Amino acid sequence: MGCGRESSNVKESSSHNHHKKQNCVCDVVRAILDIQNQGVNHDCDCPTNCFLEPLGGLVSPTRSNNVDTRVFMLLTEDGTPFKAFFRESGSPDCSCFSVFFRVEDVFDSCCATLRVLEPLTHDNNDVQLIANHGQDLDLRNLCKVRKFAATNSCITVDLNCFCGVQCVKDVFLGVCTD
């Protein structure tokens, strides 16, 4: 069975009561957007649970006013992080890949616009996540990421195509939200 698709043994409901299988990745990303847009306090025992509210809850159990983004990764059917291209600010010739995102919008049931986040070390150096000329994710370098910067690169994705979402950190990026 492919990710985000119904199993052949799932029975359809009556003709006037059709229900499409909900995609949990879509629900989580929609919840992240809601949490970024409003603050509601709920307790949760997993410190990186994507549903943890309020925004800032991944930093500390009390709300932090210094955050505007819940950083997350999307996982493909085989468990590898989804990567997207971004161009480094101030360097027109250098382009990179990242596996870290900020949700900007969720629309048409399960599509989302995601801002690609630049992975940085603790002292704001770039972290190159991709090895072998853009083919492989370097897991050792993934562990070096400590900070994030907003890029001007956004990608629109169909959330039905992903099997997992992992929340990483709540951070302040200074991204304007309407």
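How many helices and strands are there in the protein chain? There are two helices and nine strands. The model is predicted. Read from the N terminus, the elements follow the order α-β-β-β-β-β-β-β-α-β-β. The chain has 178 residues, and 41% of them are buried. Two disulfides and four salt bridges are counted.

**The chain as a whole**

- Contacts between residues at least 6 apart in sequence were examined, and 61% of these join residues at least 24 apart.
- The protein chain exposes about 10,500 Å². Carbon and sulfur atoms supply 48% of that area.

**Disulfide Cys26–Cys110**

- A disulfide is a covalent bond between the sulfur atoms of two cysteines.
- Cys26 and Cys110 form one, with their sulfur atoms 2.3 Å apart.
- This pair links distant parts of the chain, 84 residues apart. Cys26 belongs to helix H1 (residues 24-37). Cys110 sits in the loop between strand E4 (101-107) and strand E5 (111-120).
- Both Cys26 and Cys110 are buried.

**Disulfide Cys50–Cys167**

- Cys50 is joined to Cys167 by a disulfide, with an S to S distance of 2.0 Å.
- Cys50 lies in the loop between H1 and strand E1 (69-75), and Cys167 in strand E9, so the disulfide ties together parts 117 residues apart in sequence.
- The torsion about the S-S bond of Cys50 and Cys167 is about 125 degrees, so this disulfide is right-handed.
- Cys50 counts as buried because its relative accessibility is 7%, under the 20% limit.
- Cys167 is buried too, with a relative accessible area of 3%.

**Two further cysteines**

- Cys143 has 57% relative accessibility, so it counts as exposed.
- Cys161 has 48% relative accessibility, so it counts as partly exposed.

**Salt bridges around Glu104**

- Glu104 and Arg102 meet through their side chains in a salt bridge, at 3.0 Å from N to O.
- Glu104 is partly exposed, with a relative accessible area of 23%. Arg102 is buried, at 1%.
- Glu104 also forms a salt bridge with Arg115, again at 3.0 Å from N to O.
- That second pair links distant parts of the chain: Glu104 is in strand E4 and Arg115 in strand E5, 11 residues apart.
- Arg115 counts as buried, at 15% relative accessibility.

**Salt bridge Arg140–Asp138**

- Arg140 forms a salt bridge with Asp138, and their closest N and O atoms are 3.5 Å apart.
- Arg140 is exposed at 65% relative accessibility, whereas Asp138 is buried at 15%.
- Elsewhere, Arg102, Glu104 and Arg115 form one network through salt bridges that share partners.

**Asp170 in strand E9**

- Where is Asp170 found? Asp170 is part of strand E9 (residues 164-171).
- Asp170 is at 2% relative accessibility, so it counts as buried.
- A polar atom of the Asp170 side chain lies 3.2 Å from the backbone nitrogen of Gly57. The same side chain reaches the backbone nitrogen of Leu58 at 3.1 Å.
- Leaving aside residues up to four places away in sequence, Asp170 touches residues including Pro54, Leu55, Gly56, Val59, Val67, Thr69 and Arg70.
- Asp170 and Phe72 are 98 residues apart along the chain, and their C-alpha atoms are separated by 9.1 Å.

Definitions and conventions: Residues are numbered from 1 along each chain as its sequence is written. This is a predicted model: local features need pLDDT of at least 70, side-chain atom pairs count only at pLDDT 80 or more; totals for chains, interfaces and linings use all residues. Side-chain values use heavy atoms; hydrogens and water are left out. Helices (H or I, at least four residues) and strands (E, at least two) are DSSP runs, numbered from the N terminus. Buried means under 20% relative accessible area, exposed over 50%, partly exposed in between (1.4 Å probe, protein chains only). Contact means heavy atoms within 4.5 Å. A polar contact is a pair of N or O atoms within 3.5 Å; within protein, one must be able to donate a hydrogen and the other to accept it, and residues adjacent in sequence count only if both atoms are side-chain atoms. Accessible areas come from the Shrake-Rupley method with a 1.4 Å probe; for residues, only the protein chains shown count as cover. A disulfide is a pair of cysteine sulfur atoms within 2.5 Å.
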